[in-house]
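Let's walk through this model together, one spot at a time. Keep the coordinates open in your viewer as you read.

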Amino acid sequence: MSNKIALSNKNSADSSTVRATVVQASTIFYDTPATLDKAERLLAEAASYGSQLVVFPEAFVGGYPRGSNFGIIIGNRTEKGKEEFRKYHASAIAVPGPEVDRLAAMAGKYKVHLVMGVIERDGYTLYCTVLFFDSQGHYLGKHRKLMPTGLERIIWGFGDGSTIPVFETPIGKIGAAICWENRMPLLRTAMYAKGIEIYCAPTADARPV
């Protein structure tokens, strides 16, 4: 994807306007510090447009490994694939952790609400996760993708349904569903029941659907 930033406005019930930025940009693979530097540059650009909410793609920190199979076939894995997965695992982040602290500091520095797709490392298991931060630089919480799609299941663990948050913020109640989770009616219903007002749908899928 190109480093594009698209702007949109959302009218809430009280008729105030919220300016949201949707970032379309690629990860710097196997280099999480450089990816965070890139995230800060894009966040600064969004803030310069007066954005109050900035949404990054699914798996922006850690990367969406499109086209990779990590050397896996039924009953075997290649040494090259194992090394590739080792590098991918090392690029993921702990939540909480120093990278989360840095993202929180960015949100506070630029006074924006931030929704960031990451690959979360919890022991040996990786999760496709979205992190939420408020404009004061506070980490609010996370949502783990409940059902990785297709072959995503060979690299990511399943969320357990305990992280489907909707956060009350000064710009509205914010939540997120990741990529094809948006095709899961009961997940959406859970967020509707919590009064979601700003529904974020970070994805790594560039297809028209």
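Lys 111 is exposed, with a relative accessible area of 54%; here exposed means over 50% relative accessible area, buried under 20%, and partly exposed in between, with a 1.4 Å probe and protein chains only. You'll find Lys 111 in the loop between H3 and strand E6 (113-122). Helices (H or I, at least four residues) and strands (E, at least two) are DSSP runs, numbered from the N terminus. The backbone of Lys 111 has a positive phi of about 55°, although this residue is not a glycine.

Before going further, a bit of housekeeping. This is a predicted model, where local features need pLDDT of at least 70 and side-chain atom pairs count only at pLDDT 80 or more, while totals for chains, interfaces and linings use all residues. Residues are numbered from 1 along each chain as its sequence is written, and side-chain values use heavy atoms, with hydrogens and water left out.

Back to backbone oddities. Most residues other than glycine have a negative phi, and most peptide bonds are trans. Phe 70 has a positive phi of about 50° and is not a glycine either. Phe 70 sits in the loop between E3 and E4, and at 2% relative accessibility it counts as buried. And where is the cis peptide bond? It joins Val 95 and Pro 96, with omega at about 0°. Pro 96 belongs to the loop between helix H2 (79-91) and H3.

That loop brings us to a helix pair. Two packed helices are described by the angle between their axes and the distance between the axes. For helix H1 (residues 32-48) and helix H3 (residues 98-110), the angle is about 15° and the axes are 10 Å apart. The axes are lines fitted to C-alpha atoms, for helices over the stretch in contact, and angles run from 0 to 180 degrees between N-to-C directions. That angle makes H1 roughly parallel to H3; the bins are under 35 degrees for roughly parallel, over 145 for roughly antiparallel, 65 to 115 for roughly perpendicular, and oblique for the rest. The crossing of H1 and H3 is right-handed, meaning that the near helix is turned clockwise from the far one by less than a right angle (anticlockwise would be left-handed).

Who does the touching? On the H1 side the residues include Leu 36, Leu 43 and Ala 47, and on the H3 side they include Leu 103, Met 106 and Tyr 110. Contact means heavy atoms within 4.5 Å. Sorted by type, the residues of this contact come out as 10 nonpolar, one polar and five charged. In that scheme Ala, Val, Leu, Ile, Met, Phe, Trp, Tyr, Cys and Pro are nonpolar, Asp, Glu, Lys and Arg are charged, and the others, Gly among them, are polar.

Stay on H1 for a moment. Thr 35 lies in this helix and is buried at 1% relative accessibility. Leaving aside neighbours within four places in sequence, Thr 35 is in contact with Thr 27, Ile 28, Phe 60 and Val 61. Glu 45 is also in helix H1, but at 30% relative accessibility Glu 45 counts as partly exposed.

Now for what the record says. UniProt, in an unreviewed entry, places the feature "active site" at Glu 58; annotations of this kind may be inferred rather than shown by experiment, feature names are shortened, and positions are given in the numbering used here. Is Glu 58 buried or exposed? Glu 58 is buried, with a relative accessible area of 3%. Its place is the loop between strand E3 (53-55) and strand E4 (72-73). Not counting residues up to four places away in sequence, Glu 58 touches a list of residues including Tyr 64, Cys 128, Lys 145, Glu 152 and Cys 179.

Cys 128 turns up again around Arg 144, a residue of strand E8. The C-alpha atoms of Arg 144 and Cys 128 are separated by 5.9 Å, with their positions 16 residues apart along the chain. Arg 144 is buried, with a relative accessible area of 14%, and beyond four places in sequence its contacts include Glu 120, Asp 122, Cys 128 and Glu 181.

Finally, zoom out. The UniProt annotation "domain: CN hydrolase", from an unreviewed entry, covers residues 18-209. That span is 27% helix and 26% strand, and its end C-alpha atoms lie 26 Å apart.
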